[in-house]
Amino acid sequence: MKDYKEVINNRFDAETENTNSIYSPNHPIGKYIRKNLHKGLNMFLQNYCKTLRGWDLQTVTLLDIGCGSGEMLDFFISKGFSPQNLTGIDLSETRICRAQKQHKSVNFIKDDALTFSLKESKFDMVTAFDLFSHLSKKEQILQGLSNVYIHLEKDGVFLWYDIYSKDHFSPAQNADSWGFNKEQMIHLCKETGFEVIYYNTFFKHFFNRYHSVYQVKRLSPGIVNMLEKILPGIPGNVLLAFKKI
Ligand SMILES: C[S@@+](CC[C@H](N)C(=O)[O-])C[C@H]1O[C@@H](n2cnc3c(N)ncnc32)[C@H](O)[C@@H]1O
């Protein structure tokens, strides 16, 4: 697995706007991924943040680490979060510049998830979407998680979304990133001092082999959604929410 700084230099900093990428919002695969993730996150915001915690989303402060161009922050704004209460951090100069251009009221910072320090600032929520899969060593992951912990209010919520992998520490050779399984994420977060409050999976490797999102190239999203319900398989992506105790 490559070092995250090398991946950022070669992939995220070097990228030019690629509107044809299969993960872009206008590609059927990109659309399918977003629709399902947004649905899952919406359920969490409704059932946990609003109903159980009684949060008024307009006043909730949120830090998105590894925010890229700020796409996930757009989702939170669409759910009622105030742009002024949002902060995004990313180590890619290219992505942070693009995020700043597109979101004038959000606070963006170019920094490393492992070492950034926002002094006394603490947040109600911290999120990391597809970030930790880029960190290859356990010490780096624990350092990143400790930094999440430090920047959360007491009882604050950490949302960790990542691709699924049986074992993060046995990556394919030369892979840019490698995911986690539920037990591994829980173990790492418990070491940091978090308590699990929510778990959800997204997508499926049908028969432990074919990732559902790529079937959207051949089948309609409705059919793939239905197959997700009936076919056996392991998760494609996982979302866990933790509380700082
Ligand atoms: C796969 S992208 C996900 C972007 C965004 N979270 C989303 O879901 O749309 C991973 C992002 O993490 C950033 N990243 C990777 N390692 C990082 C680190 N150590 N500190 C800050 N950002 C990092 C990359 O620059 C990239 O923008």
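Me: What makes strand S1 (residues 62–65) and S4 count as paired?
Reply: In this predicted model, 3 bridges join S1 to S4, and the two strands run parallel. Two strands pair if DSSP finds at least two bridges between them, so the 3 bridges between S1 and S4 satisfy the rule. Within this pairing, Asp64 has Thr127 of S4 as its bridge partner.

Me: What makes S4 and strand S5 (residues 152–163) a pair as well?
Reply: The same cut-off of at least two bridges applies, and 6 bridges join S4 to S5, again with the strands running parallel. Phe129 stands opposite Tyr161 in S5. The chain passes from S4 through helix H5 (residues 138–150) to S5, and this β-α-β crossover is right-handed.

Me: Why is the crossover from S4 through H5 to S5 called right-handed?
Reply: With the strands pointing away from the viewer, a crossover earns that name if the path from the first strand over the helix to the second runs clockwise. The crossover is right-handed, which means that, seen in this way, the path from S4 over H5 to S5 runs clockwise.

Me: Why is strand S4 (residues 123–129) described as largely enclosed?
Reply: A residue counts as buried if 20 or more other C-beta atoms lie within 10 Å of its own. Of the 7 residues of S4, 6 are buried, and the strand is therefore largely enclosed by the rest of the structure. For the protein as a whole, buried residues make up 36% of the 245 residues.

Me: Why are strand S3 (107–110) and strand S7 (210–211) said to stand at the edges?
Reply: The open sheet of 8 strands has the order S3-S2-S1-S4-S5-S8-S6-S7, with mixed pairing. S3 and S7 each have a single partner strand, so one side of each is left without a neighbour in the sheet. Elsewhere in the sheet, strand S6 (residues 194–206) and strand S8 (residues 233–244) are joined by 11 bridges and run antiparallel, with Asn237 in S8 as the bridge partner of Phe202.

Me: What makes Phe129 part of the surroundings of the ligand?
Reply: A residue is near a molecule if its C-beta atom lies within 6 Å of it. Phe129 is one of 19 residues around the ligand, and together with Gly66, Gly68, Ser92 and Ala113 it is among those that come nearest. The shell divides into 10 nonpolar, 4 polar and 5 charged residues.

Me: Why does the radius of gyration agree with a compact globule?
Reply: With 245 residues, a compact globule would have a radius of gyration near 18 Å, and the protein has 17 Å, which agrees.

Technical notes. Residues are numbered from 1 along each chain as its sequence is written. This is a predicted model: local features need pLDDT of at least 70, side-chain atom pairs count only at pLDDT 80 or more; totals for chains, interfaces and linings use all residues. A residue is buried if 20 or more other C-beta atoms lie within 10 Å of its own, exposed if 12 or fewer, and partly exposed in between; C-beta atoms are placed from the backbone. Helices (H or I, at least four residues) and strands (E, at least two) are DSSP runs, numbered from the N terminus. Ala, Val, Leu, Ile, Met, Phe, Trp, Tyr, Cys and Pro count as nonpolar, Asp, Glu, Lys and Arg as charged, and the others, Gly among them, as polar. The radius of gyration is taken over C-alpha atoms; the globule rule is 2.2 Å times the number of residues to the power 0.38.
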